[in-house]
4 protein chains.
Amino acid sequence: MKVGIIGATGYGGLELIRFLYNHKEVERLELFTSSEEGTLFSSKFPHLANMYEQPLQKIDYDVLSQFDVVFASTPSGVSTDLFPPLVNRGPKLIDLSGDFRLKNPDSYETWYKKTPPPPEIVEASVYGLTEWNERAIKEAALIANPGCYPTAVLLSLLPLIKEKCIDPSFLIIDAKSGISGAGNKPSQTTHYSEANESLSIYKINEHQHIPEIEQAISMFAGVETKISFNTHLVPMTRGILSTSYAQVMPGITQKQLTDCLQAAYEHQPFVRVVEDATSVGTNRVKGSNYCDVFAKLDERTGRATIIGVIDNLVKGAAGQAIQNMNVQMNLPQTLGLQVVPLFI
Amino acid sequence: MKVGIIGATGYGGLELIRFLYNHKEVERLELFTSSEEGTLFSSKFPHLANMYEQPLQKIDYDVLSQFDVVFASTPSGVSTDLFPPLVNRGPKLIDLSGDFRLKNPDSYETWYKKTPPPPEIVEASVYGLTEWNERAIKEAALIANPGCYPTAVLLSLLPLIKEKCIDPSFLIIDAKSGISGAGNKPSQTTHYSEANESLSIYKINEHQHIPEIEQAISMFAGVETKISFNTHLVPMTRGILSTSYAQVMPGITQKQLTDCLQAAYEHQPFVRVVEDATSVGTNRVKGSNYCDVFAKLDERTGRATIIGVIDNLVKGAAGQAIQNMNVQMNLPQTLGLQVVPLFI
Amino acid sequence: MKVGIIGATGYGGLELIRFLYNHKEVERLELFTSSEEGTLFSSKFPHLANMYEQPLQKIDYDVLSQFDVVFASTPSGVSTDLFPPLVNRGPKLIDLSGDFRLKNPDSYETWYKKTPPPPEIVEASVYGLTEWNERAIKEAALIANPGCYPTAVLLSLLPLIKEKCIDPSFLIIDAKSGISGAGNKPSQTTHYSEANESLSIYKINEHQHIPEIEQAISMFAGVETKISFNTHLVPMTRGILSTSYAQVMPGITQKQLTDCLQAAYEHQPFVRVVEDATSVGTNRVKGSNYCDVFAKLDERTGRATIIGVIDNLVKGAAGQAIQNMNVQMNLPQTLGLQVVPLFI
Amino acid sequence: MKVGIIGATGYGGLELIRFLYNHKEVERLELFTSSEEGTLFSSKFPHLANMYEQPLQKIDYDVLSQFDVVFASTPSGVSTDLFPPLVNRGPKLIDLSGDFRLKNPDSYETWYKKTPPPPEIVEASVYGLTEWNERAIKEAALIANPGCYPTAVLLSLLPLIKEKCIDPSFLIIDAKSGISGAGNKPSQTTHYSEANESLSIYKINEHQHIPEIEQAISMFAGVETKISFNTHLVPMTRGILSTSYAQVMPGITQKQLTDCLQAAYEHQPFVRVVEDATSVGTNRVKGSNYCDVFAKLDERTGRATIIGVIDNLVKGAAGQAIQNMNVQMNLPQTLGLQVVPLFI
């Protein structure tokens, strides 16, 4: 397979490279850029010395159309323009940005404050939440890879909503992310001395992942709801942990919550159902494509705490993108992704 | 004033020392211990060299009864036995543990799994949430200093519950703390390599601060409710940020939420009402006695996000304890506590 | 006293504010800027809410000449132009940048790659290493406040060089700093995700503090030498630890090393001689104006390890600047600076 | 291949597991323990759920003698007793502790304060610095895997000493390590709140890696010398950076330093010669088996700064051990170890 990455210099791109380096079906991996053509990749990223000594290439559709798979890992708004000319011209396309995720163009405009991509392209694109959409992904020409937060939130909540274990009408989702989620562009918010040793909240009720989560709840669980969703910046590099709260449906027990999660994922290699709260932590998945999910009933209040844990750069971005590529290319889902979490 | 600290070697004790060193009404500060008698304090804590060259003293009631104020900053269960003999024998007593906080002895036994202190002592003790209980604190012989989480949660929620801005029947409180909250005793959970770069959850629905928060909501806002309350361990040393979620009462606006908080605290030196979410962060209060509170209405869902931010070791422990001492001793609340947050 | 700060928005400026807030001889503190005139200071730095609600002022020499003391905490090259018109016009001047530190203009040009300030101003300025230059500081109109690294290095090495305990001809100085030393301007190097969890080296043999250290060794110990000096970036916000290596002079013992340090600093409030290596750590001085010094002889090699530890933003910048102001104004050195290190 | 790990619960053991999971010649991997027999490994280490669901086994020589390779990753002093009965009984042995590294039993006793292993076993063991001892490793029954610090120090210094580029008589080695080097046992030194945000020094002139480094300089470069060697604890989990200082030999240029390093390692897959100081950083090797080496001449002083950078748990422990196993088993050195550094 020949694989290309557009936007290889971002953190999503670097993680694609990290995993594709060990993907045995990838024969050639080439890196494309709109602005740093000719730059030797390993001089920009010395951790890749001895591995990627090639220069960044100019984006060229004739070249790209010869590839089997092309990933775009670009800032929001870029693949809106970049990907449409490549659709159905040869390569399978996987977009890591939010550009093709929202089916409703008004919603895209409202939350992203950007012009939406051509509606027929959005329509034909497939939402790449692998565990919930495998059949469609297999046939997809263009995959809209899920956002990092939605991945953690949806994998933990969808089974419980779909199987009517929890009441979806009052869903509180309190999410926390490591700082790599903000990307590689320096800013005051991500300046070490100001981000270190501080916990903050951002985009209160305004995160563009809100409509993505609501759309997926509708799509996969058949429920329309308005969620409360907030995001916190945690002084660590990697990891997302989402803590959700909901009333359980009458009569639902702890065992039913756990069983429901287990039934949903028993054949899924990358979702692990955790049964002990002390096993919940972002270091348990660090560097890997795992998502750990957990649900705990509070008998006193009749409410459940539901948790999803991922590495935001892996299952929340590059890892899931490769998992989707594997599905598209009829390869085992786990190819190139079977790594043990770092833990420390 | 002569002031004694029992349990000076814990983090609460060290912070008492840090602030009392600059408290101009404190003439003598002496440190007591049950186990390390005679140890030179600055040899155990070299950061105090040149400042506290005195040895730790044995706990002696005759000596302690000569003091004006005695703080206990000991593990839970210790002041249950230690403080009763000192009540009304001279010194004002301030307990930083949870031993005297819960008025209901059954509740104490249930949540703390320990034998409760003598009921008459608990009855006579005063809950030291300074901004909400100043009058009682002024007269108190024994103060039960609030827990770290309850301080952040209550200061942010109480005005909105009391003034009926939010519906107290479905309160979700998602709290996050730096690791110093776990105290100074090494454990696997607080081992650097395992706590660093990881976010985890603990004591799901089981934290002993739950009944403390519910009791205070009843006491100060006249409302009985059962909260959902979870606590997360954040890889940083200091800081608590609590994010609470509730439906607002019909017709309540953003302005009313902010006004309600401002009205509650306009004469309070240590509670600041924040109006801009980008100003919310634990580094804004680090090392200081401030509590920043913030409320934001989500028009889309009709729910509010309500935030309280403190330094867990200061406003959440030693700082509030000194603030209470000042009230008890008829001194300005701010004495010894007027320090600028470190920010970085 | 009326005190002004030019460049209040940098980390040095913020630390000046933090300490001057509690300096009882400072009646008015005003903040000046060249670029953000009119900005409400607490809106830019919300941790100062309730404390500094004033707007930033335009730099105006007529206004500044009415002040008792003016600090400049500006990037290198700025006070070269800014301070000369104020010299001998009224206020005592204290410059936290490197502009006036090097007496040799060629050296300034070589290491700073900038045009040096007027030679007569440089000549008249006084190097503010308080413990070694107090008499000159008392009379100074303009103080060149020492660099952060030189402070740690010089306070630990000067007594041993001056008293001929170590051989100054082969001095290896391996210094390490927290990231706040890089200032508040975002960059890739200080971007959280890339600085976090990584130790790096920078400006190998090229740091502009090299000539400053060599000049001070000449000035205070009468020895000309060329040092090896490297600087490392440590993933923490505050703190400098310098580890120096030198052959001890024949016959010199461990006791003589320690005695030499103690003799040098026995009457100095802010330098502490540490005798136990386990007491050496940047958290022992965090947030305070202390410098801890330590020397250890290796009998096996005849070489000594000599350590200096400071908080780079306090003793390495704002704290020492205020200490110098106190000396200039005939106040006790410790005024406003008597704070206990945070430790945690 | 059947591979066993004794001491799988330490950080070295966990890293062995992480890499061996993807080693295609390892058919069975079994975990042995002296104290936690029967414990389900993934219940103790939940990050291994779905991967290592097997129980820890009791150490049994009859079982172990059926294995192809046995690693010991145990505290110092343990394999002294544990390994001798297995020597030449079947499996290749690789010891990650310091027990078999020092050829001189007196030296072992002096620096380790423990009884040395049987001299004939020590004599027959081979020091596993792969790049410098490959031929002997190929034939070895028992490998003494190098210490973390010696690996970084020796790989950077050996070529320059052997080729007489630097003067070995006055070698200053200032080493820095992340906290995982202290192992997984909780202590005050590694307690998060006290290790975080602090840089400290430990074992001044007393580290047991000193004789190991000196012995290897003698063994591989034919030079007897006494080094100065200090170790610092850096607030990060992984990574070692050693900064060494030496006078260069007369006439030696920057180009010769770099060429010397490049010549030494041009055919070595895991040592990279860095030419730009901005590329030096522990995040460049994080999670990988790379060692980056760098040398910079200071024309002004005639001294060189020489740097070695590794991930202490990989090239400094488990990675190098597997590299040695590959050599012993006549496999390509890189098998199972070809992973891209994490960088962030």
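This passage looks at one bent helix in chain B and at the interface of chain B with chain C. The model is predicted, so local features need pLDDT of at least 70 and side-chain atom pairs count only at pLDDT 80 or more, while totals for chains, interfaces and linings use all residues. Residues are numbered from 1 along each chain as its sequence is written, chains are lettered from A in the order in which they are written, and side-chain values use heavy atoms, with hydrogens and water left out.

Helix α12(B) covers residues 314-328 (helices are DSSP runs of H or I, at least four residues, numbered from the N terminus). Its end C-alpha atoms are only 18 Å apart, against 21 Å for a straight helix of 15 residues, taking 1.5 Å times one less than the number of residues. There's a kink of about 45 degrees centred on Q320(B), the bend being the angle between axes fitted to the seven residues ending there and the seven starting there. In α12(B), 15 of 15 residues are buried (under 20% relative accessible area, 1.4 Å probe, protein chains only). After the helix comes N330(B), with a positive phi near 60 degrees.

As for the interface, 32 residues of chain B touch 32 of chain C, counting heavy atoms within 4.5 Å. Together the two chains bury about 2,900 Å², 64% of it from carbon and sulfur atoms (accessible area lost on being put together, 1.4 Å probe, summed over both). On the chain B side, H47(B), V340(B) and I344(B) lose the most area, together 24% of what that side buries. Helix α1(B), residues 11-20, gives the most to this side, with four residues.

Methods:
Helix = DSSP H or I, 4+ residues; strand = E, 2+ residues; numbered from the N terminus. Buried < 20%, exposed > 50% of the residue type's maximum accessible area, 1.4 Å probe, protein only.
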